[in-house]
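Colleague: I am new to this model, and I would like a close look at a single part of it. Please pick one spot, start there, and walk me outwards into the rest at an easy pace.

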Amino acid sequence: MTEAPLRFAAIGFDHPHIFGQVGALLAAGAEFVAFHASQPSGVEGFVRAFPQARQVDDERAILQDDSIALVTSASIPCDRAPLGVRVMQHGKDFLVDKPGMTSLAQLEEVRRVQRETGRFYSVFFSERFESRATLKASQLVRARSEEHTS
């Protein structure tokens with residue numbers, strides 16, 4: 001029996017890193033099902049790149065959809081932590097572009113809600129996951145480590 005893929009959505013793509021975030025989730029086998037854009041700019045290119053996801057007019061359509069397990073975002077930096085809090089409060093994990101929050105108060109609120117909900121709030125460091133040099137270095141370290149454990 002095969003497990004169903006993780007279903008995810010995107011809310012806010014004010015920065016082009018959202019393309020890499022969605023691409024990384026798709027490459028990991030997740031299913032992109034919906035997105036919400038607070039601004040109309042960039043929607044056309046996003047739809048061309050990811051035609052499989054439906055656009056929704058209100059973020060609540062994503063937050064209230066129990067079939068969606070994770071939300072990713074590259075919204076305006078000061079809006080990221082409040083969105084992540086809403087996402088976690090709706091029982092979903094959150095993957096956000098850096099910076100994940102813009103103040104210590106936001107950090108404390110994210111930590112509080114994460115403790116309460118047990119959900120993941122993860123900052124996507126594209127340099128760590130998308131850079132060919134970093135990926136190659138990781139492969140070399142892993143291979144070297146395997147040599148020493150054999």
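Modeller: Happy to! Let's begin at Arg112, which counts as partly exposed, with a relative accessibility of 29%. Please keep in mind as we go that this is a predicted model. Arg112 forms a salt bridge with Glu109, and their closest N and O atoms are 2.7 Å apart. Glu109 is also partly exposed, at 30% relative accessibility. Both residues belong to helix 5, which covers residues 104-117, and because they are three residues apart there, about one helical turn separates them. The pair has company, too: Glu116 joins Glu109 and Arg112 in a network of salt bridges.

Now step back from the side chains to the helix that carries them. Helix 5 sits in a right-handed β-α-β unit, together with strand 5 and strand 6. Those two strands run parallel and are joined by four bridges. You can find the pairing residue by residue: Val96 stands opposite Val123 in strand 6, and Asp97 has Phe124 of strand 6 as its bridge partner.

Strand 5 deserves a pause. Is it enclosed or open to the outside? Five of its five residues are buried, so strand 5 is largely enclosed by the rest of the structure. Look at one side and you meet Asp93, Leu95 and Asp97; turn to the other and you meet Phe94 and Val96; these residues are buried, and both faces of the strand are covered. Away from strand 6, strand 5 also pairs with strand 4, again in parallel and again over four bridges. One place to see this is Thr72, which stands opposite Leu95 of strand 5. To get from strand 4 to strand 5 the chain passes through helix 4, and this β-α-β crossover is right-handed as well.

Let's follow helix 4 for a moment. Helix 4, residues 77-89, lies across strand 1, strand 4, strand 5 and strand 6, and it runs at about 165° to strand 5. Helix 4 also carries a salt bridge of its own: Arg86 pairs with Glu59, with the closest N and O atoms 2.7 Å apart. This pair links distant parts of the chain, since Glu59 lies in the loop between strand 3 and helix 3, 27 residues away from Arg86. The two partners sit in contrasting surroundings: Arg86 is partly exposed, with a relative accessible area of 32%, whereas Glu59 counts as buried at 16%.

With those strands in view, the whole sheet is easier to read. It is an open sheet of six strands in the order 3-2-1-4-5-6, paired in parallel. Strand 3 (54-55) and strand 6 (121-124) stand at the edges with a single partner each, so one side of each has no neighbour in the sheet. Helix 1, residues 17-27, packs on the sheet and touches strand 1, strand 2, strand 4, strand 5 and strand 6, with a direction at about 155° to that of strand 4. Its buried residues are Ile18, Gly20, Gln21, Val22 and Leu25. After helix 1 comes Gly29, which has a positive phi, near 100°. Further along the sheet from our starting point, strand 1 (residues 7-13) and strand 2 (residues 31-36) pair in parallel over five bridges, and there Arg7 stands opposite Glu31.

To set our first salt bridge in context, the whole structure has 10 of them. Another one lies in helix 2: Glu44 and Arg48 form a salt bridge whose closest N and O atoms are 3.2 Å apart. Because they are four residues apart in helix 2 (residues 43-49), about one helical turn lies between them. Both are exposed: Glu44 has a relative accessible area of 62%, and Arg48 has one of 60%.

Finally, a word on confidence. The chain has an average pLDDT of 88, and 90% of its residues score at least 70. Among its elements, helix 3 has the highest mean pLDDT, 98, while helix 6 (residues 126-130) has the lowest, 58. Where pLDDT is low, predicted coordinates should not be read in detail.

How values were computed. Residues are numbered from 1 along each chain as its sequence is written. This is a predicted model: local features need pLDDT of at least 70, side-chain atom pairs count only at pLDDT 80 or more; totals for chains, interfaces and linings use all residues. Side-chain values use heavy atoms; hydrogens and water are left out. Two strands pair if DSSP finds at least two bridges between them. Contact means heavy atoms within 4.5 Å. Axes are lines fitted to C-alpha atoms, for helices over the stretch in contact, and angles run from 0 to 180 degrees between N-to-C directions. Buried means under 20% relative accessible area, exposed over 50%, partly exposed in between (1.4 Å probe, protein chains only). A salt bridge is a side-chain nitrogen of Lys or Arg within 4 Å of a carboxyl oxygen of Asp or Glu. A crossover is right-handed if, with the strands pointing away from the viewer, the path from the first strand over the helix to the second runs clockwise. pLDDT is the predictor's confidence in each residue, from 0 to 100.
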